[in-house]
Amino acid sequence: MTKAPLRVALDQGTSEGGDPAAALTRLTERARSAASVGAHLLIGPEMSFTGYNVGDATARSAEPADGPLHEAVAGIATATGVAIVYGFPGRAGEHVYNTVQLVDEHGRSLARYRK
């Protein structure tokens, strides 16, 4: 039995820092584009939802890994059939981490890394 090769799409940009709606719109466009060329996985950059060096905005926009951002990304993955790796400021209790999360094409969180 031969499996089809994994097609990966890369997104190196970010949206306007501190604007989650713009970031989700951008991610939706990128996921649709990836799906249109047969990609199975879309990988975005670290902190793709806020950008780097945004000061206090990082802590203000931090949320749990299963928060509203995850729900929105899961919806995009499900709608497009593309798994998504995305970066965001993740909150765990009082701590904020530079977090990356993998959501499969069914919207399930498969992996998470915090640094």
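Here's a quick tour of how the helices and strands of this protein fit together. Keep in mind that you're looking at a predicted model. The centrepiece for us is an open sheet of five strands, lined up in the order 1-2-3-4-5 with mixed pairing. Helix 1 packs on that sheet, and helix 3 lies across part of it too, over strand 3, strand 4 and strand 5.

**The sheet as a whole**

- Who sits at the edges? Strand 1 (8–10) and strand 5 (109–114) do, and each has a single partner strand, so one side of each is left with no neighbour in the sheet.
- The sheet isn't flat like a board: ignoring direction, neighbouring strands are turned by 30° against each other on average.

**Strand 3 meets strand 4**

- Strand 3 (83–92) and strand 4 (95–103) run antiparallel and are joined by nine bridges.
- If you'd like one spot to look up, find G87, which stands opposite V100 in strand 4.
- These two strands make a hairpin with two residues between them, and G93 in the turn has a positive phi of about 65°.

**Strand 4 meets strand 5**

- Strand 4 and strand 5 also pair in the antiparallel sense, this time over five bridges.
- You can walk along the pairing residue by residue: V103 stands opposite S109, L102 stands opposite A111, and V100 has Y113 as its bridge partner in strand 5.
- So V100 is worth a second look, because strand 4 is paired on both sides here: G87 stands opposite V100, and Y113 in strand 5 is its bridge partner, with bridges counted by DSSP.
- The hairpin of strand 4 and strand 5 has five residues between the strands, and G107 there takes a positive phi near 85°.

**Helices on the sheet**

- Helix 1 touches strand 1, strand 2 (41–43) and strand 3, and its direction makes about 140° with that of strand 2.
- Helix 3 runs at about 175° to strand 3.

**Helix 1 against helix 3**

- How do these two helices sit relative to each other? Helix 1 (residues 20–36) and helix 3 (residues 68–80) pack at an angle of about 25°, with axes 9 Å apart.
- Angles under 35 degrees count as roughly parallel, and that's why helix 1 and helix 3 get that label.
- Helix 1 passes helix 3 in a right-handed crossing.
- On the helix 1 side, the contact is made by L24, L27, T28, A31, R32 and A35, which meet L69, A72, V73, I76 and T80 in helix 3.
- Sorted by class, that contact has eight nonpolar, two polar and one charged residues.

**Aromatic pairs**

- The count of aromatic pairs comes to two.
- One of them is F49 with Y86, an edge-to-face pair at 5.8 Å centre to centre and 80° between the planes.
- F49 lies in the loop between strand 2 and helix 2 (57–61), while Y86 is in strand 3, so the pair ties together parts that are 37 residues apart in sequence.

Notes
Residues numbered from 1 in each chain as written. Predicted model: local features only at pLDDT ≥ 70, side-chain atom pairs only at ≥ 80, totals over all residues. Heavy atoms only, no water. Axes fitted to C-alpha atoms, helices over the stretch in contact; angles between N-to-C directions. Helix = DSSP H or I, 4+ residues; strand = E, 2+ residues; numbered from the N terminus. Parallel < 35°, antiparallel > 145°, perpendicular 65-115°, else oblique. Left-handed = near helix turned anticlockwise from the far one by under 90°. Contact = heavy atoms within 4.5 Å. Nonpolar A, V, L, I, M, F, W, Y, C, P; charged D, E, K, R; others polar. Phe/Tyr/Trp six-rings, centres within 6.5 Å; stacked < 30°, edge-to-face > 60°.
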